[in-house]
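Me: I would like to go through this model with you. Please bring it up.
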Amino acid sequence: MASMRRSLRSAGGGPWTALAVAIAVPTLLPLLVIAGSFSDIDPAFWSHLRQYVLVPVVENSLWLVAGVAVLATALGTTLAWLTAACEFPGRRVFQWALLLPMAMPGYVTAFVAIGTLEYAGPVQTALRELAGGEIWFPAIRSRGGVIAVMSLALYPYVYLLARNAFLTQGREALEAAQVLGMNRRRGFFRVALPMARPWIAAGAMLVVMETLADFGTVAAFNYDTFTTAIYETWFGEQSVNSALQLSACLLAVVLLAAVAERRLRGGRAFTGGKAGGRRIVLGRGRWAAAVLAGTVLTLGFVAPFVQLVLWSAQTWSEEFSSRYLGFAGHSLLLAGSAALLVTTVALLLGYARRNASGGPANILASLATRIATLGYALPGTVLAVGIFAPLAALNGLLNTAARAVTGTDPGWLVQATLATMLIAYAVRFLAVAHAPVDSNLLRITEDIDRASKSLGVAGWSMLRRVHAPMLRGGLATALVLVFVDVMKEMPITLMTRPFGWQTLATRVFEMTSEGLWERAALPAIAIVLVGLVPVILISRRTTNAF
């Protein structure tokens with residue numbers, strides 16, 4: 001650390017650059033630990049993985065990513081075009097309501113779909129009664145089932161970005177296409193769609209990242225992917241080092257996906273005209289558009305939410321107790337603590353980047369900021385293992401030192417504490433908080449800083465007395481986004497929590513693992529209701545902006 005401080009001073013970095021570097025260290029730590037895990041490879045275990053695990057895991061993961069990316073992108077792009085450029089019944093409602101599935105975690109949609117559509121579920125039971133005997137029904141626990149459920153949960157990522165693209169690209173290009181003899185269909189595919197390609201690609205990339213990182217949905221379907229393999233290797237085989245090595249495989253897939261997206265984009269510039277103009281009147285197709293939007297909204301949010309309400313009403317007297325309040329209290333404690341911690345770190349990171357000196361220090365601060373915000377691209381299972389492993393090693397050293405001094409084993413568990421969970425959350429969600437905070441920091445001009453310094457207010461005092469009040473909107477947005485993300489987070493909570501510590505998300509996992517769908521409904525609906533807050537804020541902002 002002393003050599004680092006000297007190098008920073010020699011580069012003109014000062015304390016702000018050192019702060020940015022320090023914030024980036026927890027994100028680098030899991031990557032370094034994963035890389036270091038290959039110094040100790042267990043040949044027998046890897047032979048077992050190659051023979052029985054890797055082939056189906058890789059095949060399942062590739063099918064899942066490809067299927068969800070294609071279906072979610074098709075749904076999101078189609079619905080975005082319809083609500084942005086076309087006129088059809090219910091468009092004003094659908095333009096914001098189609099974002100509601102963002103509030104429904106994928107693992108909640110998954111267990112509702114399974115509980116409703118499996119053989120003993122209400123849908124098949126009712127159909128058998130109507131038919132008077134056995135009927136054929138597609139298996140919900142299948143590759144197609146998990147792809148459909150995840151696509152319904154993730155298409156809003158594409159919808160939100162693609163709709164923004166269609167709204168801002170203007171009507172002039174489409175009108176020019178019509179002048180050149182193109183009909184509406186050709187104008188969409190040859191003009192509007194290519195112009196929106198960067199936004200659609202960005203949304204599709206988010207879908208791919210979320211699919212690769214998902215644990216709860218695939219676990220509910222018993223569909224083996226890298227995330228479930230990492231979890232089973234850690235908890236089933238009790239091999240943290242092998243779990244780290246499997247995490248490296250998943251990271252390689254994530255990296256390849258990011259590189260592929262950049263290559264497809266090709267660095268080309270895409271511009272559009274002014275927003276506005278008349279919407280396309282669909283004629284007879286207007287009802288087809290309304291049916292499509294209504295069907296997606298019903299399957300993605302309305303039907304699962306109604307089923308959760310019905311199940312919750314049935315199990316309320318059994319589930320709602322002081323124990324359940326404990327689950328909710330743990331979730332609120334974790335989400336609130338993480339939101340405060342992550343938002344504070346995001347503010348410090350943005351401020352450090354803003355105040356770093358020019359030259360090498362500025363470059364170093366910018367690099368540290370990029371590294372610190374990489375955590376959102378790392379799956380929760382990878383982060384959990386990568387942070388848990390070095391803390392477990394530290395725990396062993398501390399216990400060994402304590403035994404040498406006292407002669408007894410203190411039994412410390414440094415790695416299984418709330419602090420470990422908060423560190424993992426901070427790495428995972430720092431990018432979520434950094435975006436609104438940094439965008440608001442950019443609005444504070446240097447003239448304001450100079451005026452503040454002329455009045456004798458500088459450094460930390462300027463942050464507290466001048467900048468913080470001006471950043472209230474960005475800080476509030478960051479707090480809400482991180483709070484909701486932590487409430488929904490499952491793999492990090494499952495893999496780093498203290499023994500016996502349960503939250504709403506882990507309660508859902510516990511009940512769904514045993515097939516107790518009805519008992520999982522009450523904690524699930526609490527998570528969904530909290531998740532509606534940012535969705536409402538986003539929908540209000542997007543619909544009022546155009």
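Me: What phi does Gly515 take, just after H23?
Reply: Gly515 takes a positive phi of about 75 degrees. Helices here are DSSP runs of H or I of at least four residues, numbered from the N terminus. This is a predicted model, in which local features need pLDDT of at least 70, side-chain atom pairs count only at pLDDT 80 or more, and totals for chains, interfaces and linings use all residues. Residues are numbered from 1 along each chain as its sequence is written, and side-chain values use heavy atoms, with hydrogens and water left out.

Me: How many of the 10 residues of H23 are buried?
Reply: Eight of them, so helix H23 (residues 504–513) is largely enclosed by the rest of the structure. Buried means under 20% relative accessible area (1.4 Å probe, protein chains only). Among the buried residues are Leu504, Arg507 and Met511.

Me: And Phe509, buried or exposed?
Reply: Phe509 has a relative accessible area of 16%, so it is buried.

Me: Aromatics next. How many pairs are there?
Reply: The count comes to nine aromatic pairs, where rings of Phe, Tyr and Trp (its six-membered ring) pair if their centres lie within 6.5 Å; planes under 30 degrees apart count as stacked, over 60 as edge-to-face and the rest as tilted. Phe88 and Phe94 have ring centres 6.2 Å apart and planes at 20 degrees, so this pair is stacked. Both Phe88 and Phe94 are buried.

Me: What about Phe215 and Phe509?
Reply: Their centres are 5.7 Å apart and their planes at 35 degrees, so that pair is tilted. The pair links distant parts of the chain, 294 residues apart: Phe215 is in the loop between helices H10 (197–213) and H11 (216–220), and Phe509 in helix H23.

Note on methods: Buried < 20%, exposed > 50% of the residue type's maximum accessible area, 1.4 Å probe, protein only. Helix = DSSP H or I, 4+ residues; strand = E, 2+ residues; numbered from the N terminus.
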